[in-house]
Amino acid sequence: MEEARQAALDRGLDLVEVAPTARPPVCRIMDYGKFRYEQQKRDREARRRQHTVDIKQVQFRPKTDDHDFDFKIRNARRFLAAGKKVRATVRFRRGELRRPELGVRVLDHVAEALEEVARVESRSDSLESRQLVMMLAPKAA
């Protein structure tokens, strides 16, 4: 250990313990400041290249009127054009739960209205917490 410390001193570098739990402990002679700087640089670059996916939500009701439906579809189309994913949900209230097929019809209509700009990524036709959900992703151009 002393020999290694002396060798590092002679070269003007640091003695860094790489694997302290190994028997015998593994050390390395390096410029620790330069190592830390390059590691931070790699981390910064990785964060910069990281791509987060934004998910926008558009909510419908089983009895959503045509004008409201068109308005929400226009918003969904705008989100998809910006490269974001869209979650289309149909929410049910009290008595509407007796007719879940109306919600399925609304989701079919949404998928049909956006078929040229989006693809259906996932869809649940089962009522989970009083709503139906469909995920749409932008089509690759």
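With a relative accessibility of 45%, R130 is classed as partly exposed, where buried means under 20% relative accessible area, exposed over 50% and partly exposed in between (1.4 Å probe, protein chains only). The model is a predicted one, in which local features need pLDDT of at least 70 and side-chain atom pairs count only at pLDDT 80 or more, while totals for chains, interfaces and linings use all residues. Residues are numbered from 1 along each chain as its sequence is written, and side-chain values use heavy atoms, with hydrogens and water left out.

The backbone is considered first. R130 is located in the loop between strand 5 (118-128) and strand 6 (131-138); helices (H or I, at least four residues) and strands (E, at least two) are DSSP runs, numbered from the N terminus. Although R130 is not a glycine, its phi is positive, at about 65°. A second backbone feature is found at P24, in the loop between strand 1 (14-19) and strand 2 (26-30). The peptide bond that leads from R23 to P24 is cis, and its omega is near -5°. Most residues other than glycine have a negative phi, and most peptide bonds are trans. A positive phi, near 75°, is also adopted by G12, which follows helix 1. Helix 1 itself (residues 2-11) lies largely in the open, because the number of buried residues among its ten is one.

Helix 4 (residues 100-113) includes P100 and V110. V110 is buried, at 1% relative accessibility. Neighbours within four places in sequence being left aside, V110 is in contact (heavy atoms within 4.5 Å) with F60, F69, I73, A88, M134 and L136. The C-alpha atoms of V110 and F79 are 14 Å apart in space, and the two residues are 31 residues apart in sequence. P100, by comparison, has a relative accessible area of 29% and is therefore partly exposed. When residues up to four places away in sequence are not counted, P100 touches F92, L127 and L132. A separation of 8.8 Å is found between the C-alpha atoms of P100 and D125, which are 25 residues apart along the chain.

L132 is also touched by S124, as is V133, again not counting residues up to four places away in sequence. S124 belongs to strand 5 and counts as buried, its relative accessibility being 15%.

Charged side chains were examined next. The structure holds ten salt bridges, a salt bridge being a side-chain nitrogen of Lys or Arg within 4 Å of a carboxyl oxygen of Asp or Glu. One of them joins E121 to K85, with the closest N and O atoms 3.1 Å apart. This pair links distant parts of the chain, since E121 is in strand 5 and K85 in strand 4, 36 residues apart. Both partners are partly exposed: E121 has a relative accessible area of 36%, and K85 has a relative accessibility of 22%. Salt bridges that share partners also join E45, R48 and R49 into one network. Within this network, the closest N and O atoms of R48 and E45 are 2.7 Å apart. R48 and E45 are three residues apart in helix 2 (residues 32-49), so about one helical turn separates them. E45 is partly exposed, with a relative accessible area of 30%, whereas R48 counts as exposed at 60% relative accessibility.

A further salt bridge is formed by D54 and K84, whose closest N and O atoms are 3.5 Å apart. Here too the pair links distant parts of the chain: D54 is in the loop between helix 2 and strand 3 (55-60), and K84 is in the loop between helix 3 and strand 4 (85-91), 30 residues apart. D54 is partly exposed, with a relative accessible area of 38%, and K84 is likewise partly exposed, at 22%.

On the surface, D65, D66, D68 and D70 form a patch of negative charge. Patches are made of residues with over 30% relative accessible area and no salt bridge, in which like charges are joined within 9 Å and nonpolar side chains (Val, Leu, Ile, Met, Phe, Trp, Tyr) within 5 Å. Lys and Arg count as positive and Asp and Glu as negative, while His and the chain ends are not counted. Of the patch residues, D66 is found in helix 3 (residues 66-81), and its relative accessibility of 58% classes D66 as exposed.

Conventions. Accessible areas come from the Shrake-Rupley method with a 1.4 Å probe; for residues, only the protein chains shown count as cover. The place of a charge is taken as NZ of Lys, CZ of Arg, CG of Asp or CD of Glu.
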